[in-house]
Amino acid sequence: MSKRVAISSAMTTSLLLVVGLGGGCRSAAGDPEPFNAPSSDASADVVDASTELDATNEPEADAPFFDPDTGEKDAPEVLVEPPCDNDNLDGDEDGDGWSVAQGDCNDCTELMNPGALDIPGGVDEDCNGTPDDEPFGCDEGLAVEGNDPMDAARALGLCRIADPDAPMATKSWGLLSAKYVFVDGSATSGTPKFFGTDCMGDGNQGTPPNSLSRGILPQFGNATTPMGGASMLALSTGVARSGVNGMSPAGAHMCTKSGTPSGFPTPSEAACPGQNIDTDTTAYDSIALEIQIRTPTNAQSFSFDFNFFTYEYPNYICSQYNDFFVALMWPVTAANVLHNNICFDTQGNPVSVNNGFLEVCPPGTHGGKVFDCPLGIGELAGTGFEGRGANWWLRTSAPIEPGETITLRFGVWDMGDDAYDSTVLLDNVVWDTGDLQLPPFTDRPPK
Ligand SMILES: [Ca+2]
Ligand SMILES: [Ca+2]
Ligand SMILES: [Ca+2]
Ligand SMILES: [Ca+2]
C-alpha cells in the first residue's frame with residue numbers, strides 16, 4: 001500500500017501537514033496561484049501528497065510505524081500557528097535552533113523558522129514574511145541535453161537553492177550542490193572496455209560521465225510523462241533518450257568505466273536463490289546524479305519516483321549481468337538499509353531485472369521465474385525497450401532528520417559487461433511533514 005494519496009477537493013479541509021513540491025510544479029501549467037487555493041477543485045492537481053499518519057502512534061524501537069496490512073493512519077492535522085509573544089529575542093524558546101533575533105518568526109513552534117518548508121495553508125512557516133511562497137515550476141523549458149547538473153535537480157522538482165554558508169536569518173532548506181559523477185562517486189573514467197569509433201557520445205578514458213548517459217526529458221516513449229512538473233531526469237547505461245539510438249538500448253558502448261558503489265554488486269537473494277553474483281567491482285557505462293540537500297526543518301521524510309527500464313528482460317534474469325539502479329543516501333541509519341541504498345523491493349532485492357516490481361513486460365517464464373506482467377506492454381512503446389521490461393513508476397520514501405544535510409546519489413550501471421542497457425527515469429522529490437519517520441520503503445504511488 002502507499003502511504004500517501006493525492007488530495008481531493010473533499011479532503012482539503014484537513015490537508016497540509018504534507019506537501020508535494022512536485023505537485024506544485026505540476027500545477028504551474030494550469031493554476032497561477034496554486035498554493036493559495038487549497039480549497040478549490042484545482043488543488044487536486046496542485047497539492048500532490050497527503051498522508052494518513054497517526055500522531056498518537058509514535059514510533060518505538062520495535063513497533064511498526066504503520067499497519068503494514070492496511071496502511072491505516074489518521075489524517076494529518078492542519079498546522080495552526082500558535083500565538084506567541086516572541087519577547088525573548090536572544091533565547092530559543094522552541095528549541096528549533098533559531099532565536100527571534102536570528103529570524104524565528106514564531107518562537108513557540110519548532111515547525112516555523114527560516115529553515116522550514118513553506119506549506120500551503122496560510123502560515124508563513126519559513127518566516128520570510130510571505131505565507132505559502134515556496135518556489136515551484138522550475139523544471140519547465142529545460143534543455144534535454146543541458147549540462148548543468150542543477151537543472152537535473154530542478155527536473156526532480158527541487159526548486160529552492162540554499163546557500164551552504166548562509167547566516168541564520170536566511171539559512172533556508174534547499175539544494176546545496178549537484179554534480180554528475182560515476183556510481184562510485186568518481187569523476188573521471190577508467191580505461192573503458194571499448195573505445196574509439198564504436199562509442200556513442202563522448203565517453204573515454206579520463207572523461208567525466210558520457211553526456212549521452214543523461215537527459216532531461218519531457219516524455220519517454222509514447223506513454224511516460226513526468227510524475228511532477230514538466231520534466232524528469234533520465235539516467236542510462238545506454239543513450240538516455242527515447243527510442244533506438246545506434247546500439248542503444250540493445251548494448252551501446254558509452255565507453256566509460258568506474259568502480260561500483262561500496263558494497264556492490266549485491267545478490268537479489270530473495271528473488272534469485274543461489275544467484276551467481278559477479279564479484280567484479282567494475283561498473284560499465286555508469287552514470288549518477290549526486291546532490292546535497294539541507295532538509296526542511298519541518299520535514300520528517302521525503303520521497304521520489306522512479307521508473308526502471310531494462311533490456312535484460314527476458315534474456316538475463318538472476319545472472320551476473322544484471323544492471324543496477326541504486327539511490328544511495330548519506331547519512332542513513334535505518335536498519336533495513338544495505339550499503340546506503342534506500343531503494344529496494346519488499347523482499348529487500350535491489351532494483352534490477354530481478355526486482356519484484358518488474359511488471360511492464362510480455363509475460364513468460366525466464367530464468368526459472370514466472371513474470372505475469374500485469375501492467376502490460378503499452379508503456380514500452382516508443383522507448384526502445386519494446387519486447388523488454390520495465391517497473392513502471394514506483395515511489396521510494398525514506399526518513400530524514402529535520403534540517404540535516406543529506407547526500408543522495410542516484411545511479412545506474414551495467415554489470416558484467418556493457419551490453420543490454422538500462423534506463424531509469426527519476427522525478428517528483430516530495431517532502432513529508434507528517435509526524436512519523438517510516439523506514440525506507442518502495443511501492444506503487446497511488447493512481
Ligand atoms: Ca526558536
Ligand atoms: Ca520557531
Ligand atoms: Ca514564506
Ligand atoms: Ca505556508
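1. Start at Gly246, which you'll find in the loop between strand S3 (232-236) and strand S4 (257-259). Is Gly246 buried or partly exposed? Count its C-beta neighbours inside 10 Å and you get 16, so this glycine goes down as partly exposed; being buried would take 20 or more. Setting aside neighbours within four places in sequence, Gly246 is in contact with Met200 and Ala252. Have a look at Cys199 too: Gly246 and Cys199 are 47 residues apart in sequence, yet their C-alpha atoms are 9.8 Å apart in space.

2. Before going further, keep in mind that this is a predicted model. The mean pLDDT of the protein is 83, and 83% of the residues reach 70 or more. Watch out for residues 1-77, though, where the pLDDT is below 50. That stretch still has 165 contacts in the model beyond near neighbours in sequence.

3. Now the overall picture. The protein has 3 helices and 14 strands. It runs to 447 residues, and 51% of them count as buried. Take the contacts between residues at least 6 apart in sequence: 72% of those join residues at least 24 apart.

4. Next, the inside. As a rule, nonpolar side chains in soluble globular proteins tend to be buried together. Here the largest nonpolar core has 89 residues. Which residues have the most contacts inside this core? They are Leu233, Leu235, Leu289, Phe325 and Leu426. Strand S5 (residues 282-294) gives the core its largest share, with 7 residues. If you want one residue to click on, try Phe325: leaving out neighbours within four places in sequence, it is in contact with Phe306, Phe308, Cys343, Val351, Val412 and Val424.

5. Strand S11 (residues 394-399) is a good one to zoom in on. Why is S11 described as largely enclosed by the rest of the structure? Because 6 of its 6 residues are buried. Side chains in a regular strand alternate between the two faces of the sheet. In S11, Leu394, Thr396 and Ala398 point one way, while Arg395, Ser397 and Pro399 point the other way, and all of them are buried.

6. Who are the partners of S11? Strand S6 (residues 301-310) pairs with S11 in the antiparallel sense, over 6 bridges. Strand S14 (residues 441-443) also runs antiparallel to S11, and 3 bridges join the two. Ser397 is a handy marker for both pairings: it stands opposite Ser303 and also opposite Phe441 in S14.

7. On to strand S7 (residues 324-330), which is mostly covered, with 6 of its 7 residues buried. S7 pairs with strand S12 (residues 405-414) in the antiparallel sense, and this pairing has 7 bridges. In it, Trp330 stands opposite Thr407. Trp330 is worth a second look, as the peptide bond from Trp330 to Pro331 is cis, with omega near -10°. Pro331 itself sits in the loop between S7 and strand S8 (364-366).

8. There's a cis peptide bond from Phe264 to Pro265 as well, with omega near 5°. Where is Pro265? Look in the loop between S4 and S5.

9. Two asparagines deserve a backbone check. Asn340 isn't a glycine, but its phi is positive, about 65°. You'll find Asn340 in the loop between S7 and S8, and its 18 C-beta neighbours inside 10 Å mean that it counts as partly exposed. Asn428, also not a glycine, has a positive phi near 65°. Asn428 belongs to strand S13 (residues 422-432). Is Asn428 buried or exposed? There are 27 other C-beta atoms within 10 Å, so Asn428 is buried.

10. Last stop: Gly103, in the loop between helix H2 (43-46) and helix H3 (149-155). With 18 other C-beta atoms within 10 Å, Gly103 is partly exposed. Which residues is Gly103 in contact with, neighbours within four places in sequence left aside? The list is Trp98, Pro114, Cys127, Met168 and Ala169. Gly103 and Asn128 are 25 residues apart in sequence, and 8.5 Å separates their C-alpha atoms in space.

Note on methods. Residues are numbered from 1 along each chain as its sequence is written. Chains are lettered from A and ligands numbered from 1 in the order in which they are written. This is a predicted model: local features need pLDDT of at least 70, side-chain atom pairs count only at pLDDT 80 or more; totals for chains, interfaces and linings use all residues. pLDDT is the predictor's confidence in each residue, from 0 to 100. Two residues are in contact if their C-beta atoms, placed from the backbone, lie within 7 Å. A residue is buried if 20 or more other C-beta atoms lie within 10 Å of its own, exposed if 12 or fewer, and partly exposed in between; C-beta atoms are placed from the backbone. Helices (H or I, at least four residues) and strands (E, at least two) are DSSP runs, numbered from the N terminus. Two strands pair if DSSP finds at least two bridges between them. A nonpolar core is a set of buried Ala, Val, Leu, Ile, Met, Phe, Trp, Tyr and Cys residues joined through C-beta atoms within 7 Å.
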